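Trainee: I'm new to this one. Can you walk me through it?
Mentor: Sure, let's put it on the screen.
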Amino acid sequence: MQYTSTRNNTIRVSSSEAIAAGISKDGGLFVPTEVPQVTPDFIAALAGKSYIERARDVLRLFLTDYPAGEIDADTAGAYTGSFGSENVAPVVNLYENVNILELWHGPTCAFKDMALQLLPYLLTGAASRVSGGKTTVILVATSGDTGKAALEGFKDVPGTRILVFFPSDGVSPMQKLQMTTQEGENVGVAAIRGNFDDAQNGVKRIFTDPAIAEKLAAGNLTFSSANSINWGRLVPQIVYYFSAYADLLAAGKVKNGEKINITVPTGNFGNILAAYYAMRMGLPVNKLVCASNENDVLTEFLTTGRYNRVRPFHTTVSPSMDILISSNLERLLFHLLGDDSDKTAELFRRLKEDGEYTVDGETLAKLRELFAAGCCDDAATKATIADTFRKNGYLCDTHTAVAVNVCSAYREKTGDQTPTVIASTASPYKFCRAVLSALTDGGFTAENEFDMVEELEALTGVPAPEQLKTLKNKAVRFDRVVTKDEMEQAVYDLLGI
Ligand SMILES: *Cc1c(COP(=O)(O)O)cnc(C)c1O
């Protein structure tokens with residue numbers, strides 16, 4: 001199995017090279033040159049296996065230059081003990097044949113853990129083959145969930161250091177505490193005075209500055225990325241769609257070969273792209289339903305073929321989906337354009353220069369065949385949280401609620417009653433204020449995050465994750481706030497060079 005770049009399809013690299021580098025030198029994203037195919041027997045066999053075994057079976061198909069024993073050890077290391085139970089990604093019935101795939105039982109209570117618990121293993125294995133014994137420095141700009149999940153994943157992993165920058169006013173109080181109290185000897189965290197784009201641009205600048213790279217090299221250090229542009233983040237996400245199908249099969253809720261719909265609350269397009277790869281591999285899927293909040297750029301694109309980033313940016317109660325440029329869409333377009341990197345590069349050049357592009361009619365037809373799309377605003381999101389709790393007895397977070405809302409609107413509008421899996425991406429306790437406000441119509445009394453957790457617990461009887469409750473007693477280790485221009489120095493300070 002080899003990988004190429006969405007901006008230069010003559011490139012060929014191994015999976016280790018793709019994962020160690022994170023992004024291709026031409027600015028493109030790594031994609032497999034061929035998608036491995038599975039048989040109905042492969043899927044049937046998964047039904048009798050544990051999550052770790054399922055992960056091992058799927059990963060082996062993509063990471064062909066990783067020794068089999070290494071993949072066994074990596075998946076066991078990532079998914080043993082850190083997800084509360086052996087059932088790493090449980091499937092729960094919501095109503096009729098609509099099911100929720102809970103992806104937030106990991107250490108940070110968001111679906112990012114599914115990939116970021118495994119990525120450190122994949123990355124250190126890759127680095128040992130291709131980076132010549134250098135220590136890998138993971139640099140992350142986060143709007144909230146990725147930073148904490150990456151810190152937990154890379155904490156005390158030998159041969160790695162991890163530095164996270166977050167916007168001082170752009171994350172929820174719970175998310176901020178999760179990061180500033182982070183434990184581990186190889187971790188560093190700093191707040192940036194500014195917004196997420198400032199943090200992201202600062203990190204990109206540091207990544208690409210040759211003088212900084214030289215300084216790192218002198219200390220036997222090299223940068224890499226834990227962002228969802230890294231193939232090592234995507235491949236672990238393919239696993240749980242197979243796992244969900246295997247669970248439905250084992251429970252007799254689908255017959256082998258019967259198609260399902262998958263609805264995904266979408267931001268950077270990584271999670272739903274993993275479902276697309278699962279479908280290309282042979283997972284029986286009818287429609288991929290892309291759910292967005294008020295930032296509806298993807299809804300417009302998937303229905304009209306026009307991607308237009310020049311539009312107001314809305315801050316919503318589902319902040320991890322507040323995004324106008326979905327970077328993983330590039331991988332999908334590359335494939336739909338027949339793996340043509342010239343055409344792909346041209347679209348993204350237009351996006352950069354003109355702020356928009358429109359795909360041709362043939363590509364739009366393919367998009368519509370594969371995807372449906374919908375969006376809802378904050379009021380509808382909150383109404384969905386309240387309704388879902390009252391009617392179905394299920395408490396969902398703000399991001400999942402967007403997907404629940406879009407899923408039922410899609411079923412109603414189209415009459416498509418295919419068995420459905422909705423990806424649930426965060427614990428409701430991670431976005432307590434909005435969830436509590438939805439359930440009480442704004443009439444709650446708690447004033448701080450931890451009181452809100454207790455009030456939501458008392459109101460719903462749904463237990464809050466211990467790892468959020470115990471944050472209350474943890475000491476803040478990282479309280480540094482820097483300006484954009486001080487980021488470079490902060491990197492040196494945190495690395496001690
Ligand atoms: C990151 C995130 C999303 C969006 O996922 P993408 O892969 O970026 O589309 C949705 N919900 C939550 C809670 C997230 O943390």
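Mentor: One term to begin with. A cavity is a set of grid points where a 1.4 Å probe fits but cannot get out, and its lining residues have an atom within 4 Å of a point. Keep in mind that this is a predicted model.
Trainee: OK. How many cavities of 30 Å³ or more does a search of the whole structure find?
Mentor: The search finds 1. The volume of the largest cavity is about 30 Å³.
Trainee: Which residues line the largest cavity?
Mentor: Thr-266, Gly-267, Ser-292, Asn-295, Val-297, Leu-298, Met-321, Ile-323 and Ser-326 line it.
Trainee: Switching to strands. Why is E7 described as largely enclosed?
Mentor: Strand E7 covers residues 160–167, and 7 of its 8 residues are buried, so the rest of the structure largely encloses it. Buried here means under 20% relative accessible area.
Trainee: In which sense does E7 pair with E6?
Mentor: Parallel, over 6 bridges; E6 is residues 135–141. Leu-139 stands opposite Leu-163 in E7.
Trainee: How does the chain get across from E6 to E7?
Mentor: Through helix H7, residues 145–154, in a right-handed β-α-β crossover.
Trainee: And what about E7 and E8?
Mentor: E7 pairs with E8, residues 187–192, in the parallel sense over 6 bridges. Ile-162 faces Val-187 in E8. With helix H8, residues 173–180, the two strands make a right-handed β-α-β unit.
Trainee: Now the core. Which residues have the most contacts inside the largest one?
Mentor: Leu-63, Trp-231, Ile-238, Tyr-241, Phe-242 and Tyr-357, in a nonpolar core of 105 residues. Helix H11, residues 231–250, supplies the largest share of this core, with 13 residues.
Trainee: What does Trp-231 touch?
Mentor: Leaving out residues up to four places away in sequence, the contacts of Trp-231 include Tyr-3, Phe-30, Leu-63, Ile-238 and Arg-331. Apart from this core lies another, of 40 residues, among them Val-98, Ala-386, Leu-439 and Phe-450.
Trainee: Why do nonpolar side chains end up together?
Mentor: In soluble globular proteins they tend to be buried together.
Trainee: You mentioned Arg-331. Is it buried or exposed?
Mentor: Arg-331 is buried, and so are Glu-330 and His-335 in the same helix, H14. In fact 8 of the 8 residues of H14, residues 329–336, are buried, so this helix is largely enclosed by the rest of the structure.
Trainee: What follows H14?
Mentor: Gly-338, with a positive phi near 75 degrees.

Technical notes:
Residues numbered from 1 in each chain as written. Predicted model: local features only at pLDDT ≥ 70, side-chain atom pairs only at ≥ 80, totals over all residues. Heavy atoms only, no water. Buried < 20%, exposed > 50% of the residue type's maximum accessible area, 1.4 Å probe, protein only. Helix = DSSP H or I, 4+ residues; strand = E, 2+ residues; numbered from the N terminus. Pairing = 2+ DSSP bridges. Right-handed = clockwise from strand over helix to strand, strands pointing away. Core = buried A, V, L, I, M, F, W, Y, C linked by side-chain atoms within 4.5 Å. Contact = heavy atoms within 4.5 Å. 1 Å grid on protein atoms, 1.4 Å probe; cavity = no way out; pocket = protein on both sides within 12 Å on 5 of 7 lines; lining within 4 Å. Points joined across faces, edges and corners; volume = space filled by probe spheres on them.
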